[in-house]
Amino acid sequence: MSSFSSADESAHYAFSVRVLLQQYREQLGWAHEGVVEFGTGDATAIADVVAGLPGLRVHSVDISQPSVGKARENIAARGVADRYTVELGDFFHDADSAATPPVATVIANPPYLPAPDRDILMPELWGGVYGNDLVLQLLKAGYRNVITAVPSYADPETTVRTAGDLGYRVANFLAMGLDYGPYSSEPKVRDHIRRLCAEGRGWAGKDEYMVAVVLFTQDPDIPGDRALQLLRALQL
Ligand SMILES: C[S@@+](CC[C@H](N)C(=O)[O-])C[C@H]1O[C@@H](n2cnc3c(N)ncnc32)[C@H](O)[C@@H]1O
């Protein structure tokens, strides 16, 4: 088992998190209480964000032992170990400090591969049959702000509708087209994505999809609702 590796996906996640944290700095209050992260991977993405935003503290949890080992090395190499900490465990069950608010904001590029079961190239990336199980779980975890990747092929309409039912609005998002990487190109995953899209549970091209990093918020001080724009941006 190796750690997650997808350079363009991680770069989009990191860039988007940085822009959203800067844009909503006051309302998110991260300079006082930090943020938590679900799924560290090898940590290179968010380590650079931490390095570029003095005052940002991130406590991250990953379920994969090799990822945590690699992440700690990368964080140390970038000199941000005092502000970016990593814990091994299941974010929703084992984490000491992560899964329990009072921290108001969680960030995540969560597992979102849809497949009939978790017997895929990297089982930790399985997002359930529709791909959005972990995003939905994150939305139900009690954070006021959830910054998360939402891919076009993992039933985004249900994700956005469920978020609305839980009192979240889409404050803003950054969307980008991505080519299928090694994980979504696996025939079992690719065929399943094709079926889901044919059923109307998402959108994908032959070799590409869209992903948006979205700020869902329940905070009345953050205005607006861009849910419709988000769903339009995810269509191919
Ligand atoms: C798509 S990768 C993202 C990694 C990194 N944030 C990035 O963008 O490069 C998702 C990560 O979530 C981790 N993960 C999966 N289920 C988890 C769980 N229940 N608790 C904590 N981490 C989990 C996986 O091991 C994987 O490293």
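Okay, let's start at the ligand. There are 21 residues around it, and the ones that come nearest are Ser10, Gly39, Gly41, Phe91 and Asn109. If you ask which elements give two or more residues to that shell, they are α1, residues 7–23, and β2, residues 58–62. By class, the shell has eleven nonpolar residues, seven polar ones and three charged ones. Before I go on, please keep in mind that this is a predicted model.

Now the sheet. How many strands does the open sheet have, and in what order? It has seven, and they go β3-β2-β1-β4-β5-β7-β6, with mixed pairing. The edge strands are β3, residues 84–88, and β6, residues 169–179, and each of these pairs on one side only. From one strand to the next the twist averages 20 degrees.

Let me walk along part of that order. β4, residues 105–108, pairs with β5, residues 145–151, in the parallel sense, over four bridges. If you want a spot to click on, take isoleucine 107, whose bridge partner in β5 is isoleucine 147. Then α1, which we met at the ligand, packs on the sheet and touches β4, β5, β6 and β7, the last being residues 208–217. The direction of α1 makes about 25 degrees with that of β7.

Next pair over: β5 and β7 are antiparallel, with seven bridges. Here alanine 149 has valine 213 in β7 as its bridge partner. After that, β6 and β7 also run antiparallel, and ten bridges join them. In that pair, arginine 169 stands opposite threonine 217 of β7.

Over by the other edge strand, helix α5, residues 65–77, lies across β2 and β3. The α5 helix runs at about 165 degrees to β3.

So what about the inside? As a general point, nonpolar side chains in soluble globular proteins tend to be buried together. Here the largest nonpolar core has 71 residues, and the members that touch the most others are Val17, Ile46, Val106, Ala212 and Val214. Which element gives the most to this core? That's β7, with eight residues. β7 is also mostly covered, with nine of its ten residues buried.

Let's zoom in on alanine 212. Skipping neighbours within four places in sequence, alanine 212 is in contact with Val150, Phe173, Leu174, Ala175, Leu230, Ala233 and Leu234.

On to helix α4, residues 44–52, which is where alanine 47 sits. The buried residues in α4 are Ala45, Ile46, Ala47, Val49 and Val50. What do they pack against? The answer is α1, β1 (35–38), β2, α5 and β3.

Is alanine 47 buried or exposed? It counts as buried, because it has 25 C-beta neighbours inside 10 Å and the cut-off for buried is 20 or more. Leaving out residues within four places in sequence, alanine 47 is in contact with Asn74, Ile75, Arg78, Val80 and Tyr84. And for a sense of scale, the C-alpha atoms of alanine 47 and arginine 18 are separated by 11 Å, with their positions 29 residues apart along the chain.

Last bit: a couple of odd backbone angles. Most residues other than glycine have a negative phi. Alanine 43, however, has a positive phi of about 75 degrees, and it isn't a glycine. You'll find alanine 43 in the loop between β1 and α4. Alanine 43 counts as buried because 29 other C-beta atoms lie within 10 Å.

Which other residue has a positive phi? Aspartate 155, with a value near 50 degrees. Aspartate 155 lies in the loop between β5 and α7. It too is buried, since it has 29 C-beta neighbours inside 10 Å.

Alanine 154 lies in that loop between β5 and α7, the helix at 156–165. With 30 C-beta neighbours inside 10 Å, alanine 154 counts as buried. What does alanine 154 touch? Not counting residues up to four places away in sequence, Tyr112, Pro114, Gly127, Tyr130, Gly131, Asn132 and Gly202. And to tie back to the start, glycine 41, one of the residues nearest the ligand, is 20 Å from alanine 154, C-alpha to C-alpha, and 113 residues away in sequence.

That's my tour. Thanks, everyone.

Key:
Residues are numbered from 1 along each chain as its sequence is written. This is a predicted model: local features need pLDDT of at least 70, side-chain atom pairs count only at pLDDT 80 or more; totals for chains, interfaces and linings use all residues. A residue is near a molecule or strand if its C-beta atom, placed from the backbone, lies within 6 Å of it. Ala, Val, Leu, Ile, Met, Phe, Trp, Tyr, Cys and Pro count as nonpolar, Asp, Glu, Lys and Arg as charged, and the others, Gly among them, as polar. Two strands pair if DSSP finds at least two bridges between them. Axes are lines fitted to C-alpha atoms, for helices over the stretch in contact, and angles run from 0 to 180 degrees between N-to-C directions. Two residues are in contact if their C-beta atoms, placed from the backbone, lie within 7 Å. A nonpolar core is a set of buried Ala, Val, Leu, Ile, Met, Phe, Trp, Tyr and Cys residues joined through C-beta atoms within 7 Å. A residue is buried if 20 or more other C-beta atoms lie within 10 Å of its own, exposed if 12 or fewer, and partly exposed in between; C-beta atoms are placed from the backbone.
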